[in-house]
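The following dialogue explains the terms used for a protein model by setting each value against its definition. Please consult the structure below while reading.

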Amino acid sequence: MALSLRKKQLDLITRMLHLNQQQSSPDGGGEGEEEAYKILVMDGPCISLLSPVLRVGDLRKHGVTLHLNIDKARQQVADAPAVYLVRPTPANADRIAADAAAGLYASFHVNFSTSVPRPVLERLASATAASRSAHRVGRVADQYLDFVCLEDNLFSLAQPRAYVALNDPAAADADITSVVDAIALGLFCVAATLGAVPIIRCARGGPAEMVAAALDARLRDHLLAKPNLFTEAASSSFQRPVLCLFDRNFELSVGIQHDWRYRPLVHDVLSLKLNKLKLPTEKYDLDDSDPFWVANSWSEYPEVPKEIAAQLAKYKQDVDEVNQRTGGGRDGVEFDGTDLIGNTKHLMNVVNSLPELTERKKMIDKHRNIATALFARIKERSLNDYCDCEKDMLQDGVVDRKTLLRLLSGEGTKEDKLRLAVTYLLSFEAPPSSELEQVEVVLRESEVDMSAFLYVKRIKSLNTQFAAAPSTASRSTIVNWAVSAVTEGVKNYLSVGRQVALTRTVEALMEGKPNPEVDNYLLFDPRAPRSGTGGQFRGPFREAIVFMIGGGNYTEYRSLIEPGQSSQPSKHVIYGATEILSGVEFIQQLAELGEKAGLGSGSSNLPSQ
């Protein structure tokens, strides 16, 4: 069974939009549905999770004529049913109860994006009973949809700043526990949507073990109920996936580096969010409905303008051919009617081809505008030089000192320079002290906030004090564990051909063979008895869910899915993270931690691009 997270989430959303009735087709039309139209009411987080999988036109196919924000004023539509999709918070329960009391809609079909806590459910029930509007509530359901599915194999829990929260030395135990529980609940939603109980693997110590233990406990508690969300999957014969949990400290450099490929560039430089891109004069969707994006988003940037030019030339050729077909009689020859049938067929073909040609032109213009916007930023910031310098350090293990110092003192934003400097720091286990001093001097001369650089530098230098990772994942050791994890990640990255460490580790976990890199990884099997590990399945696995605690990125995503597509037999990997971060966003979180530790040149945030 190939896991298809986006399709399964879409199926659940579709069923919800049809008042939780089973649909005979993905386009709707479930039996027994009487409502011709309905209202969809959501809160901000649920608008974000719905946005990448359904557009306005798709909503209309499912009978939704209005989609509204629960936090904004809404007019009464007394003859229409309302479908609510919101997070289970006391504030949302109060708003739903107030809407029911006011009779805003004919009926209320309340869907919570994850399991609703009993106090919130009782709050809703008490309020509707007090206002004598409980009869308007047709159904209350837990949907377990609380994650954002950006692609078939890519998802985010949309939990911002988890890296800062988990690495803040001043954070209280309750704060850490709250973040860990929220991540575990989000991953439970992913597992429930897939209908599969995963086997969980993670390194010892730190946030990964804490999340693994919390998720294992949540799954075990749920499996005690019969039936449950995984009953159908338990009766089938498909192999369970392995869920590989990692902490961002496992490999910092991949979250910071500049990437020369089209998709990561658009995300990093032009701020792609939820598959939507805003330029000064245009807004674009960039997803699997765009064939150019699908075919070229992983190409290096210089290839993109070439492909745009090639497709534009082909488009013009096809337009000329259409014009020739509709240009009347042949030169010098009068039309005598003998070619009427043939000309009619040509005309019909032309008419049928016009919508396709129009869409092709829109797509070409869209990517020409995007490529032009990228080119302006690349030229202004010398991003090609940054990419080349970082590639030399990360892949080849060498650095041209003159180039490094020239970039740090020359073109590029302050964030670009900081990212390059931190990449340099992480690319070498022990950079020469004189060279390191020069880098720091140039950064200060360029008026770059040093917080992030000094934070990573301190973590590396403190590793000798915390050489051994702790055996438990308690709050008292989590910061010390992070110190060891960062330097071990550097060593791990430098050890074997500078392949992305995450990719290599996931491959080892999926193979399930003895391997010193993963032999000490913990295994949690929620379906197995708590005592003993002798019968636990360790692989091989054909399917894996890889989750990065503290933020993921497109570079890491590509490094995981590419090997699986070419392997025999094929392996399927789904990649997820607490949030999808650009290099600028992640360096800002490192800077914030540096400021909390009293490092850097000041307390001000990094300037925005």
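**Helix pairs, sheet and confidence**

Q: What makes the residues of α14 and α15 count as meeting?
A: Asp385, Tyr386 and Cys389 in α14 meet Thr403, Leu404, Arg406 and Leu407 in α15, where contact means heavy atoms within 4.5 Å. By class, this contact of α14 with α15 has four nonpolar, one polar and two charged residues. Ala, Val, Leu, Ile, Met, Phe, Trp, Tyr, Cys and Pro count as nonpolar, Asp, Glu, Lys and Arg as charged, and the others, Gly among them, as polar.

Q: What kind of model is this, and how are its residues numbered?
A: The model is predicted, local features need pLDDT of at least 70, side-chain atom pairs count only at pLDDT 80 or more, and totals for chains, interfaces and linings use all residues. Residues are numbered from 1 along each chain as its sequence is written, and side-chain values use heavy atoms, with hydrogens and water left out.

Q: Why are α14 and α15 called oblique to each other?
A: The axes of α14 (residues 383–396) and α15 (residues 401–409) come within 11 Å and cross at roughly 140°. Angles under 35 degrees count as roughly parallel, over 145 as roughly antiparallel, 65 to 115 as roughly perpendicular and the rest as oblique. The two helices are therefore oblique to each other.

Q: Why does the same word, oblique, apply to α7 and α8?
A: The axes of α7 (residues 173–194) and α8 (residues 206–223) come within 9 Å and cross at roughly 55°; α7 and α8 are therefore oblique to each other. Their contact divides into 12 nonpolar, one polar and two charged residues.

Q: What makes β2 and β5 edge strands?
A: Five strands form an open sheet in the order β2-β1-β3-β4-β5, with parallel pairing. β2 (64–69) and β5 (137–142) each pair on one side only.

Q: How do you know that β4 and β5 pair?
A: Two strands pair if DSSP finds at least two bridges between them. Five bridges join β4 (residues 105–112) to β5, so the criterion is met. Asn111 stands opposite Ala141 in β5.

Q: How confident is the predictor in this protein?
A: pLDDT is the predictor's confidence in each residue, from 0 to 100. The mean pLDDT of the protein is 86, and 82% of its residues reach 70 or more. Over residues 30–35 the pLDDT is below 50.

Key: Axes fitted to C-alpha atoms, helices over the stretch in contact; angles between N-to-C directions. Helix = DSSP H or I, 4+ residues; strand = E, 2+ residues; numbered from the N terminus.
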